[in-house]
Amino acid sequence: MNAPVLRASACPHDCPSTCALEVEVGADGRIGRLRGAKGNAYTAGVICAKVARYADRLYHPDRLTKPLRRVGSKGEGRFEEISWDEALDAVAEAFLKAEAAHGAESVWPYHYAGTMGLVQRDSIHRLRHAKGYSRQFDTICTNPAWTGYIAGTGRLAGPDPREIARADAVVIWGTNAVSTQVNVMTHAITARKSRGAKIVAIDVYPTQTVKQADMGLVLKPGTDAALAVAVMHVLFRDGYADRAYLERYTDCPADLEAHVATRPPEWAAAITGLSVEEIEAFARLVGETKRTFFRLGYGFTRSRNGTVSMHAASCIAAVTGAWAHEGGGAFHNNGAIYTLDKSMVEGKSLVDPSVRQLDQSQIGRVLTGDAEALRGGPPVTAMLIQNTNPVSVAPEQDLVKQGFAREDLFVCVHEQFMTETAKMADIVLPATQFLEHDDVYKGGGHQYILLGPKLTEGPSETRENLFVLNEIARRVGAAEHPGFAMSAREHIDWMLKASDFGSLEELERDGWIDCQPAFEQAHYLDGFAWPDGKFRFRPDWTNVPAPNDGAMGPFAAMPALPDYWAVIDEADEEHPFRLVTAPARSFLNSTFNKTPESRKKEGRPDLMMGREDADRLGLDDGALVRIGNRRGAVTLHLRLTEGLRPGVVIAEGIWPNDAYPDGCGINTLTAAETIAPYGGAAFHDTAIWVRPA
Ligand SMILES: Nc1nc2c(c(=O)[nH]1)N[C@H]1C(S)=C(S)[C@@H](COP(=O)(O)OP(=O)(O)OC[C@H]3O[C@@H](n4cnc5c(=O)[nH]c(N)nc54)[C@H](O)[C@@H]3O)O[C@H]1N2
Ligand SMILES: Nc1nc2c(c(=O)[nH]1)N[C@H]1C(S)=C(S)[C@@H](COP(=O)(O)OP(=O)(O)OC[C@H]3O[C@@H](n4cnc5c(=O)[nH]c(N)nc54)[C@H](O)[C@@H]3O)O[C@H]1N2
Ligand code: SF4
Ligand SMILES: [Mo]
């Protein structure tokens with residue numbers, strides 16, 4: 001048998017690592033093992049286990065391969081096979097009917113980041129804008145984190161993430177890197193081995209990342225800003241503040257010093273549940289170690305005060321002046337370094353800013369007719385859904401399910417699998433996977449643009465997103481924009497050329513483009529990205545450049561200086577537990593939650609609880625429990641876990657809804673309230689009760 005050839009690709013999943021891949025392609029076109037590209041300085045040959053065995057997902061027997069039309073009642077799951085032409089005609093007809101009845105805003109194309117490819121993910125905007133369909137305000141993931149970071153620096157970019165390997169301390173804050181972005185660990189462990197760097201991990205339960213750290217801080221959910229403020233108290237108190245740096249590079253160091261002087265470790269200990277000694281030791285480490293790399297994650301921003309927490313954590317590096325040093329500073333995401341021109345893909349010239357924007361996280365409220373969520377506009381009566389599974393991943397799941405059950409709502413879902421959302425559809429279209437179509441990617445957690453070329457044919461009648469969008473546009477009379485006549489390769493080439501990033505041919509030759517800005521810029525040595533060049537301890541919360549088009553907020557009554565902001569869903573007598581819905585290592589949101597190997601590794605949906613709490617409730621390990629709040633209830637098994645804080649419970653993973661005895665997924669309990677100031681879903685901020693089932 002011929003040996004497989006190795007081809008370059010990029011991981012398409014919604015993960016900060018966006019790994020550079022080497023893919024085995026057999027002579028028959030069959031895909032074998034996937035590995036991390038050794039020649040890519042960030043991936044450095046390491047990828048996660050779930051993507052290494054991608055063939056399980058590619059050749060899964062349950063893949064959708066034919067267009068389907070619903071024959072049973074909504075959600076019953078009975079479909080008949082139809083042709084692509086019949087399916088696309090049915091979608092176009094439904095969209096035109098909705099438009100005629102209630103106006104174009106009654107159609108809501110809904111998408112997210114199941115693929116991060118810029119062509120296949122974002123082409124849906126071209127269709128939306130060409131028709132004046134409702135816009136989507138993307139809130140489910142990044143807004144609180146991005147806004148909180150930009151509030152200080154003025155720009156969503158930071159030190160070269162590869163500098164983690166040259167740090168003397170690495171603070172992994174609110175991200176479970178071992179599970180969610182393994183490459184952070186690769187570089188942190190290099191720093192530990194080669195320089196004796198200390199690794200600190202800050203989380204709300206003893207994750208694998210916390211267990212691998214030299215210093216693990218397990219605090220109460222939603223209290224990170226209190227820790228950050230007390231650390232700054234110690235830094236000023238004990239002479240670790242870099243006063244020359246503060247004077248030159250920050251907006252109001254004297255105000256900050258006076259403010260944090262009133263918030264000692266004792267104050268923060270009461271809020272965070274950490275001991276005074278833990279806070280002092282962490283502050284001392286950071287104070288003594290100029291080359292401290294703060295790797296700030298998303299997890300600690302998924303609380304109602306999350307934006308404020310992110311900003312507070314980023315301030316520490318400005319107090320010590322860590323920003324000025326190689327291996328120092330605070331990094332969250334490199335979005336701003338990629339100046340890619342997406343106007344062709346997204347059809348930006350067609351945008352009508354007067355068209356309403358609907359909050360992605362509030363899909364349950366939108367579909368059940370909440371006037372505020374609908375922005376006073378018409379009901380949503382037709383949808384196209386690509387790359388997302390809202391019936392599982394969106395908050396307020398009960399409302400989401402009620403919405404999708406509406407008889408007067410037409411839904412087309414373009415999917416690789418029969419997800420719980422696809423099951424609610426009127427038309428289901430089969431989608432290609434990333435190795436079966438062309439696309440281009442950029443890394444949030446690093447600094448590369450990468451090519452993901454088509455390496456094999458998709459099975460049977462699967463089609464890429466671009467095909468579906470171009471075909472619907474043609475059928476609804478919206479295909480005038482030149483972007484609707486271009487192939488994915490033409491889009492990639494156009495985008496690269498328009499952005500001065502070379503061409504598709506060059507990217508094909510090189511595999512990736514290293515976009516890392518110069519050290520001076522990445523470390524803000526020429527000043528932070530505000531007109532006065534100063535890092536802002538006192539952000540103007542009403543005027544932080546919103547990371548996505550800002551439809552919500554801004555929200556004015558936020559703390560002026562970094563502080564603990566007591567707006568979280570506090571436990572009370574009726575809801576004595578705080579629930580965090582952290583990621584599972586073998587799933588990626590709801591992706592992989594049906595592949596056999598991932599399921600075997602994760603077992604079953606569990607509620608992790610400390611022994612003290614379990615004893616008090618008279619619950620044994622493995623007991624079936626019900627957990628709930630005013631939004632609903634979920635049934636799952638108790639897993640006794642060491643090292644949990646009293647009153648804190650963890651449910652790892654977005655399991656398929658049918659993995660729970662009563663079909664209610666974990667997002668039945670999470671809220672779609674807006675995180676200030678520019679939106680976001682507080683997935684890790686939920687007060688609940690726990691009872692024997
Ligand atoms: N295996 C796996 N990888 C993933 C994903 C996945 O589901 N599974 N999801 C992908 C996506 S879409 C994203 S956006 C990224 C997100 O990746 P991360 O940046 O890691 O963010 P989260 O996954 O939300 O949560 C990470 C950690 O934050 C902790 N946390 C929750 N609340 C708090 C708090 O108040 N304070 C602190 N200090 N910690 C808190 C959680 O316990 C969890 O361990 O990961 C991506 N990678
Ligand atoms: N409880 C709780 N809920 C959460 C979170 C949490 O931490 N806790 N995290 C939240 C976060 S950070 C995020 S980003 C969201 C993510 O939630 P989603 O955006 O829904 O992400 P996935 O669950 O991975 O689903 C993506 C879907 O896209 C499909 N897909 C992949 N590639 C393609 C393609 O090329 N074409 C088409 N048509 N389909 C494709 C996949 O098959 C998959 O079903 O979930 C959020 N929900
Ligand atoms: S670590 Fe993230 S980017 Fe890398 S292969 Fe796994 S899911 Fe993809
Ligand atoms: Mo996300």
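**Why each term applies: a predicted model**

Colleague: Why does Ala485 count as exposed?

Modeller: The relative accessibility of Ala485 is 67%. By definition, a residue is buried under 20% relative accessible area, exposed over 50%, and partly exposed in between (1.4 Å probe, protein chains only). Ala485 therefore counts as exposed. Its place is in the loop between helix 20 (465-475) and helix 21 (488-498). The C-alpha atoms of Ala485 and Glu471 are separated by 9.8 Å, and the two residues are 14 apart along the chain.

Colleague: On what basis are such statements made?

Modeller: This is a predicted model, in which local features need pLDDT of at least 70 and side-chain atom pairs count only at pLDDT 80 or more, while totals for chains, interfaces and linings use all residues; side-chain values use heavy atoms, leaving out hydrogens and water. Residues are numbered from 1 along each chain as its sequence is written, whereas chains are lettered from A and ligands numbered from 1 in the order in which they are written.

Colleague: How many helices and strands does the chain have, and what makes the chain as compact as a globular protein of that length?

Modeller: There are 25 helices and 25 strands in the chain; helices (H or I, at least four residues) and strands (E, at least two) are DSSP runs, numbered from the N terminus. The radius of gyration of the chain is 25 Å, close to the 26 Å given by the globule rule for 693 residues, so the chain is as compact as a globular protein of that length. The radius is taken over C-alpha atoms, and the rule is 2.2 Å times the number of residues to the power 0.38. Along its principal axes the C-alpha trace spans about 70 × 60 × 60 Å. Buried residues make up 64% of the 693 residues.

Colleague: Which residues come nearest to ligand 1?

Modeller: Asp203, Gly222, Asp224, Arg302 and Phe587 come nearest of the 32 residues around ligand 1. A residue is near a molecule or strand if one of its heavy atoms lies within 4 Å of it. By class, this shell has 15 nonpolar, eleven polar and six charged residues; Ala, Val, Leu, Ile, Met, Phe, Trp, Tyr, Cys and Pro count as nonpolar, Asp, Glu, Lys and Arg as charged, and the others, Gly among them, as polar. Helix 7 (177-180) and strand 9 (198-203) each supply at least two residues of the shell.

Colleague: What makes the pair formed by Thr175 and ligand 1 a polar contact?

Modeller: A polar contact is a pair of N or O atoms within 3.5 Å; within protein, one must be able to donate a hydrogen and the other to accept it, and residues adjacent in sequence count only if both atoms are side-chain atoms. An N or O atom in the side chain of Thr175 is 2.8 Å from an oxygen atom of ligand 1, which therefore meets the definition. For the side chain of Asp203, the distance to an oxygen atom of ligand 1 is 2.7 Å. A backbone N or O atom of Arg585 lies 3.0 Å from a nitrogen atom of ligand 1. Taken alone, ligand 1 exposes 900 Å², and the protein buries 97% of that. Accessible areas come from the Shrake-Rupley method with a 1.4 Å probe; for residues, only the protein chains shown count as cover.

Colleague: How much of the accessible area of ligand 2 does the protein cover, and which atoms lie by this ligand?

Modeller: An N or O atom in the side chain of Thr591 is 2.5 Å from an oxygen atom of ligand 2. A backbone N or O atom of Val393 lies 2.9 Å from a nitrogen atom of ligand 2. The protein covers 96% of the 920 Å² of accessible area that ligand 2 has on its own. The shell has ten nonpolar, 17 polar and four charged residues.

Colleague: Why does His233 count as buried?

Modeller: His233 has 10% relative accessibility, which is why it counts as buried. This residue lies in helix 10 (residues 224-237), and its side chain reaches the backbone oxygen of Val260 at 2.8 Å.

Colleague: Why is Arg375 called partly exposed, and why does Asp500 count as exposed?

Modeller: Arg375 has a relative accessible area of 34%, so it is partly exposed. For Asp500 the relative accessibility is 74%, so it counts as exposed. Phi of Arg375 is near 55°, a positive value in a residue other than glycine. Phi of Asp500 is near 60°, also positive in a residue other than glycine.
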